[in-house]
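Thanks for making room for me this morning. I would like to walk through one structure, slowly, for anyone who has not seen it before.

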Amino acid sequence: MARRACQATGLRYYIRKVGVADQEVTQRLKRLVTIVGKLDREPQMALSRMEDIGGVRVIVENQHQVDKIVAELERQPRWKLRRVRRYVDGGRPGPKSDGYRAVHVVVEKGGYFVEIQLRTPFQNTWAQSVEQDTRRLSEGLKFGMGPADLREYYLAISHMFAMRERNEPLPSDFMERLAELFAGTRRFYSEEQS
């Protein structure tokens, strides 16, 4: 636990260095059931190579701040940068097919892999909602499974959040479709589901 606390403290240094004062930095460990599920879904994956068992999640105000932090992490000499995945519009590989958006930076320090997830508040709200519904409904939403209409609803919400972050107007036909999806997915949120 002390090692993870040091990772979070070291990360806060780089966040402050780029002038981001308002942030949320939390440590996270992948749950055992999630690790086993990932190994089942990806048989070529070895536990020793899994990069996201332990990590740190950073939530900052906007994508510009995320990009500044990533650039600083790419320049820093203290941790070996292993990989950067930009699951955002214009990034590589881009948003995931289910709508997930964030930037993941995997570093190696002291022989351990640490995944740093950087998100905006909209991206985090979306991801936490999918996570909660995956647990609550046992539908595997965060793994691309579950009812098609619920997956389409979350994809539309992700697009809406991205447009809002860019201060783009929300097209009326898009909002009408979102309202239809919302109405169609209410059955997953009935009293019996709680």
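I will begin with the pocket, then turn to a buried arginine, the aromatic rings, one residue of the first helix, and two points about the backbone. Please keep in mind throughout that this is a predicted model, and that the values I quote are computed from it.

Let me start with the largest pocket, which holds about 1,000 Å³ of space. Its lining is made up of 36 residues, and those that lie nearest the centre are Lys30, Asp52, Lys96, Lys142 and Phe143. If you want to find the walls on your screen, the elements that give two or more residues to this lining are β1 (23-29), α2 (32-41), β3 (80-87), β5 (112-119), α4 (121-137) and α5 (148-165). Which of them gives the most? That is helix α4, with six residues. As for the character of the lining, 21 of its residues are charged, while nine are nonpolar and six are polar.

From there I would like to move to Arg101, which sits in the loop between β3 and β4 (102-109). Is this arginine buried or exposed? Arg101 has a relative accessible area of 7%, and because the cut-off for buried is under 20%, it counts as buried. Its side chain makes a polar contact of 3.2 Å with the side chain of Asp89, and another, of 2.4 Å, with that of Ser158. Leaving aside residues up to four places away in sequence, Arg101 touches both of those partners as well as Tyr87, Pro95, Arg119, Gln123, His159 and Ala162.

Now to the aromatic rings, of which the structure holds eight pairs. One of these pairs is Tyr13 with Tyr14, an edge-to-face arrangement with 4.9 Å between the centres and 80 degrees between the planes. The two tyrosines are placed rather differently with respect to the surface, since Tyr13 is partly exposed at 39% relative accessibility, whereas Tyr14 is buried at 2%. A further pair is formed by Trp126 and Tyr154, whose ring centres are 6.1 Å apart and whose planes meet at 90 degrees, so this pair too is edge-to-face. Here the partners come from distant parts of the chain, with Trp126 in helix α4 and Tyr154 in helix α5, 28 residues apart. Trp126 is buried, with a relative accessible area of 4%, and Tyr154 is buried as well, at 8%. Both belong to one aromatic cluster, which also takes in Tyr87, Tyr100, Tyr153 and Phe182.

Next, please look at Ile15 in helix α1, which covers residues 2-17. Ile15 is buried, with 0% relative accessibility, and, again not counting residues up to four places away in sequence, it touches Val20, Gln23, Val25, Val58 and Ile69. Between Ile15 and Val25, which are ten residues apart along the chain, the C-alpha atoms are separated by 9.8 Å.

I will finish with the backbone. Most peptide bonds are trans, and most residues other than glycine have a negative phi. The bond from Arg92 to Pro93, however, is cis, with omega near 20 degrees, and Pro93 lies in the loop between β3 and β4. Asn167, although it is not a glycine, has a positive phi of about 60 degrees. This asparagine is found in the loop between α5 and α6 (172-184), and at 70% relative accessibility Asn167 counts as exposed.

Key:
Residues are numbered from 1 along each chain as its sequence is written. Side-chain values use heavy atoms; hydrogens and water are left out. On a 1 Å grid over the protein atoms alone, a cavity is a set of points where a 1.4 Å probe fits but cannot get out, and a pocket is an open set with protein on both sides within 12 Å along at least five of seven lines; lining residues have an atom within 4 Å of a point. Grid points are joined across faces, edges and corners, and a volume is the space filled by probe spheres set on the points. Helices (H or I, at least four residues) and strands (E, at least two) are DSSP runs, numbered from the N terminus. Ala, Val, Leu, Ile, Met, Phe, Trp, Tyr, Cys and Pro count as nonpolar, Asp, Glu, Lys and Arg as charged, and the others, Gly among them, as polar. Buried means under 20% relative accessible area, exposed over 50%, partly exposed in between (1.4 Å probe, protein chains only). A polar contact is a pair of N or O atoms within 3.5 Å; within protein, one must be able to donate a hydrogen and the other to accept it, and residues adjacent in sequence count only if both atoms are side-chain atoms. Contact means heavy atoms within 4.5 Å. Rings of Phe, Tyr and Trp (its six-membered ring) pair if their centres lie within 6.5 Å; planes under 30 degrees apart count as stacked, over 60 as edge-to-face and the rest as tilted.
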